[in-house]
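Colleague: Please take one part of this structure and look at it closely. I would like a connected account that a first-year student can follow.

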Amino acid sequence: MVQVTLSGTIQQAAGGISELEIEAKNIRQLLNALETKCPELKPELDKSGIAVAINGTIYRDDWFQPIPEDSEVFLIPRLAGG
């Protein structure tokens, strides 16, 4: 299990829940498990709309990045620039 911290619009979409425990070995499993556990997050978890930080390193589009046990994991809404 990994402890996942939700932030920004992701936390708002989850009804204010800021932390969840999820069973996942990589980012793809993490996102799929979150969609199953909190279906209301599905629009927010559009896989191109978030970034995942694991132990301080931000990953975007690296869906098979392993998540080590006892990692610090944050889901962060992506910011668009222009």
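Modeller: What follows is a close look at helix 2 and the core it joins.

The model is predicted, so local features need pLDDT of at least 70 and side-chain atom pairs count only at pLDDT 80 or more, while totals for chains, interfaces and linings use all residues. Residues are numbered from 1 along each chain as its sequence is written, and side-chain values use heavy atoms, with hydrogens and water left out.

Helix 2 spans 27–37; helices here are DSSP runs of H or I with at least four residues, strands are runs of E with at least two, and both are numbered from the N terminus. At its start, a side-chain oxygen of Asn26 comes to within 3.1 Å of the backbone nitrogen of Arg28.

Within helix 2, Ile27, Leu30, Leu31, Leu34 and Glu35 are buried (under 20% relative accessible area, with a 1.4 Å probe and protein chains only). These residues lie on the same side of helix 2 because they cover an arc of only 130 degrees around the axis, the arc being that of the directions from the helix axis to the C-beta atoms. An α-helix has 3.6 residues a turn, so residues three or four places apart point the same way.

The cover over the buried residues of helix 2 includes strands 1, 2, 3, 4 and 5. Helix 2 also gives four residues, the largest share, to the largest nonpolar core, a set of buried Ala, Val, Leu, Ile, Met, Phe, Trp, Tyr and Cys residues joined through side-chain atoms within 4.5 Å. This core has 23 residues, and Ile27 and Leu30 are among those that touch the most other members.

Methods. Buried means under 20% relative accessible area, exposed over 50%, partly exposed in between (1.4 Å probe, protein chains only). Contact means heavy atoms within 4.5 Å. A polar contact is a pair of N or O atoms within 3.5 Å; within protein, one must be able to donate a hydrogen and the other to accept it, and residues adjacent in sequence count only if both atoms are side-chain atoms.
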